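Here are my notes for your bench discussion, set out as numbered points. Please read them with the sequence and the structure open beside you.

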Amino acid sequence: MNNLNKTGVHGPAHILNLLNQWKVRLLLLLIVVMVVLNGILTKVKDDSLNCCLFKNKRNLKHRLPNAIIFGTRKSGTGALGTFLDMHPKIQALYPELHFFNKNNNYCKGMKWYRQQMPLSSPGDIVIEKTPGYFTSRAAPKRIQQMNKNIKLIIIIKDPVKRVISNYVHWKLNQIRKRNEINHHTRSKSKLLSFEQMVFNQATGQVKKTIRMVNISMYYKYFVAWLKWFPLKQIHIVDGEKFIENPVPELKKVEQFLGVSHDLTEDKFVYDAKKKFYCMRKSSNDSHTCMGSHKGRKHPAISQRALRKLTDFFRPLNVKFMKLVGQNFSWIA
């Protein structure tokens, strides 16, 4: 009765209270409407995005490679493949498959091989990398049978430096294996030094039959590849120049593969500690380098040993240079 005036009509206080209640109700209604509309719009947006993604996924599939990095070991194949994979039109495969050079893998068939490739869109360049193909007798023919027009990439460096890198890799692997096998009792036998490994201790001659030396005999193996592929289908990356500055060498590879020049100077930064270029994450100084297995310190080797190796490889280097019609800074 307190809310009625003398005429029996609700007073101003009651009316104000009713208005406030309606304001609250209206606000709640607006909130509900906004939530519903937001849900509808979000669903439409998500459906559109999913539709777009679905269309892209329909175009993505495992394709056989357009190009193969086929050599050489301990010359920078890992860095080359990683850097090329930064290109938006290049999809590079890791790890090394050893499909064409190992029978147990090759017997799995081409369908299996295709399924190992990264997903790619039409127009992408798919790259497989297995440096072991270079010295394989079977690989050139098998690759040619898969695709006679495939583009081949090889990176080579000073053969003496490559042998040293190979030795460092071998030695660290031997140490790791010994630690795994003899984790309770360490083996007391010493590993061969570089000179013991590479030179015949009785004659002082280079052991040209051991694998780490043999791989650096570029002419010997490159001739076999030219029996199956014309030179125009093979691009040779100068590994020494690649270490000094990868961008000019990457640009040549981009041209060879027929893609735009996207791997520019701003994509890389020099790491003084590793003494090698790394991938720049952004415009700031942060960057990503290859793993700890890259840029390993080389052992001290006598000048006499280096001269003997240089003299051993010199005639082979000259023959290789004439074969491919390309000069290299380390061929003197």
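The points below take up a sheet, a helix that lies across it, and several salt bridges.

1. The model is a predicted one, and the points that follow should be read with that in mind. The numbering of residues starts from 1 along each chain.

2. Three strands form an open sheet in the order β8-β9-β10, and their pairing is antiparallel. The edges are taken by β8 (268-271) and β10 (287-288), each of which pairs on one side only. Between β9 (residues 276-280) and β10 the antiparallel pairing extends over two bridges, and Arg280 stands opposite His287 in β10.

3. Helix α2, which spans residues 77-84, lies across β8 and β9, and runs at about 25 degrees to β9.

4. A search of the whole structure for salt bridges finds seven. As general background, side chains of opposite charge can pair when their charged atoms come close.

5. One of these salt bridges joins the side chains of Asp124 and Lys89, with an N to O distance of 3.4 Å. The pair links distant parts of the chain, 35 residues apart: Asp124 is in the loop between β4 (119-120) and β5 (125-129), whereas Lys89 is in the loop between α2 and β3 (90-92). Asp124 counts as buried because its relative accessible area is 10%, under the 20% cut-off, while Lys89, at 33% relative accessibility, is partly exposed.

6. Within helix α11 (residues 246-257), Lys252 and Glu249 lie three residues apart, which is about one turn of the helix. Lys252 forms a salt bridge with Glu249, and the closest N and O atoms are 3.3 Å apart. Which of the two partners is buried, with a relative accessible area of 3%? That residue is Glu249, whereas Lys252 counts as partly exposed at 39% relative accessibility.

7. The side chains of Asp266 and Lys267 also meet in a salt bridge, at 3.9 Å from N to O, and a reader who checks this pair should bear in mind that the cut-off is 4 Å. Salt bridges that share partners join Asp262, Asp266 and Lys267 into one network. Asp266 is partly exposed, with a relative accessible area of 49%, and Lys267 is likewise partly exposed, with a relative accessible area of 24%. Asp266 is placed in that class because exposed begins over 50%, and its relative accessible area is 49%.

Conventions: Predicted model: local features only at pLDDT ≥ 70, side-chain atom pairs only at ≥ 80, totals over all residues. Heavy atoms only, no water. Pairing = 2+ DSSP bridges. Helix = DSSP H or I, 4+ residues; strand = E, 2+ residues; numbered from the N terminus. Contact = heavy atoms within 4.5 Å. Axes fitted to C-alpha atoms, helices over the stretch in contact; angles between N-to-C directions. Buried < 20%, exposed > 50% of the residue type's maximum accessible area, 1.4 Å probe, protein only.
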